[in-house]
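Please examine the sequence and the model shown here before reading on. The paragraphs that follow lead from one residue outward to its surroundings.

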Amino acid sequence: MLEAACFLIIILLTFVTGNVLRKQYKKNTSISCLSMAIAMTKSTLIGILMTTWIHDLVLSTILSIIISILLIIILTYSLPVRIVTEALSSAFMGGMMGAMLGVMINQYMMICILFFMVLYLLSTVVAIVLWNKEEYPTFSKAIPKRILVFLALSVIMLGVSVLVDYENNSEPKQVDMKMHHHSH
């Protein structure tokens, strides 16, 4: 469930962030590489998530790159070509790195997913703050209300999905142990 929650958050935040970036680019053209930071963290997370569903390195890499590129196109729609190119290049590299990392993880997958999810959320918020810094001098005012609401809902969704996954993963071990004791 955690993987699905993360993927839903990624998709929704792509649309919300894209709208903010398109509005602010007209006002602040000095910071163009911020979409690259968002793209890299997003595609790395997507690569990790793909390996939880597809355990083959080649297929999960290909799928994570395709999904990352599609989401970056949505994020950077109608922004200048330089920003789109930087973000697409980052999506390509992040998708590959995430898939390789996901395949290499033997334990602590949930911690890895949560870490990269938080990193993605933070990079998105920092990018938005930096894009808005000329218009809004204070950190708290530079984050649009809809982003704050989305972040709060995302944290709640992540917390619930972690609890559900933790409950689901702890129950079968107890059942297996009981069955193991009965077989001897």
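**A guided reading of the helices**

Serine 90 is located in helix 4. The model is a predicted one, and this residue offers a convenient point of entry. Is serine 90 buried or exposed? Its relative accessibility is 4%, and because buried means under 20% relative accessible area, serine 90 counts as buried. Apart from residues up to four places away in sequence, serine 90 touches Met36, Ala39, Met40 and Ser43.

The helix that holds serine 90 may be considered next. Helix 4 covers residues 81–104, which is 24 residues. From its first C-alpha to its last, helix 4 reaches 35 Å, close to the 34 Å expected at 1.5 Å a residue. Which residues of helix 4 are buried? They are Ile83, Val84, Ala87, Ser90, Ala91, Gly94, Gly95, Gly98, Ala99 and Gly102. These buried residues pack against helix 1 (2–25), helix 2, helix 3 and helix 5 (109–132).

The chain as a whole gives the setting for these contacts. The protein chain has seven helices and zero strands, and from the N terminus on its elements run α-α-α-α-α-α-α. Of its 184 residues, 45% count as buried. The chain exposes about 10200 Å², of which carbon and sulfur atoms supply 72%. How do the contacts relate to separation along the sequence? Among contacts between residues at least 6 apart in sequence, 82% join residues at least 24 apart.

Helix 2 and helix 3 provide a pair to examine in detail. Helix 2 comprises residues 34–53 and helix 3 residues 57–76; the two pack at an angle of about 145°, with their axes 9 Å apart. The crossing of helix 2 past helix 3 is right-handed. On the side of helix 2, the contact is made by Ser35, Ile38, Ala39, Lys42, Ser43, Ile46, Gly47, Met50 and Thr51. Helix 3 contributes Ser60, Leu63, Ser64, Ile67, Ser68, Leu71, Ile72, Leu75 and Thr76. By character, the residues of this contact divide into nine nonpolar, eight polar and one charged.

Methionine 50 shows this contact at the level of one side chain. Methionine 50 is found in helix 2, and its relative accessibility of 3% places it among the residues that count as buried. With neighbours within four places in sequence left aside, methionine 50 is in contact with Phe7, Ser60, Leu63, Ser64 and Ile67. Along the chain, methionine 50 and isoleucine 62 are 12 residues apart, and their C-alpha atoms are separated by 9.6 Å.

Helix 3 can also be viewed on its own. What span should the 20 residues of helix 3 have at 1.5 Å a residue? The expected value is 28 Å, and the end C-alpha atoms of helix 3 are 28 Å apart, which agrees. Within helix 3, Ser60, Thr61, Ser64, Ile65, Ile67, Ser68, Leu71, Ile72, Leu75 and Thr76 are buried. The buried residues of helix 3 pack against helix 1, helix 2 and helix 4.

Two loop residues come next. Serine 78 lies in the loop between helix 3 and helix 4. Although it is not a glycine, serine 78 has a positive phi of about 70°. Its relative accessibility is 56%, and because exposed means over 50%, serine 78 counts as exposed. Tyrosine 108 is placed in the loop between helix 4 and helix 5. It too is not a glycine, yet its phi is positive, at about 70°. Tyrosine 108 is exposed, with a relative accessible area of 56%.

Beyond that loop, where is isoleucine 113 placed? Isoleucine 113 belongs to helix 5. Its relative accessible area is 1%, so isoleucine 113 is buried. If residues up to four places away in sequence are not counted, isoleucine 113 touches Leu2, Glu3, Cys6, Leu45, Ile48, Leu49 and Thr52. Isoleucine 113 and isoleucine 46 are 67 residues apart in sequence, while the distance between them in space is 9.5 Å, C-alpha to C-alpha. Isoleucine 46 is one of the residues through which helix 2 makes its contact with helix 3.

Notes: Residues are numbered from 1 along each chain as its sequence is written. This is a predicted model: local features need pLDDT of at least 70, side-chain atom pairs count only at pLDDT 80 or more; totals for chains, interfaces and linings use all residues. Side-chain values use heavy atoms; hydrogens and water are left out. Axes are lines fitted to C-alpha atoms, for helices over the stretch in contact, and angles run from 0 to 180 degrees between N-to-C directions. Helices (H or I, at least four residues) and strands (E, at least two) are DSSP runs, numbered from the N terminus. A crossing is left-handed if the near helix is turned anticlockwise from the far one by less than a right angle, and right-handed if clockwise. Contact means heavy atoms within 4.5 Å. Ala, Val, Leu, Ile, Met, Phe, Trp, Tyr, Cys and Pro count as nonpolar, Asp, Glu, Lys and Arg as charged, and the others, Gly among them, as polar. The expected span of a helix is 1.5 Å times one less than its number of residues. Buried means under 20% relative accessible area, exposed over 50%, partly exposed in between (1.4 Å probe, protein chains only). Accessible areas come from the Shrake-Rupley method with a 1.4 Å probe; for residues, only the protein chains shown count as cover.
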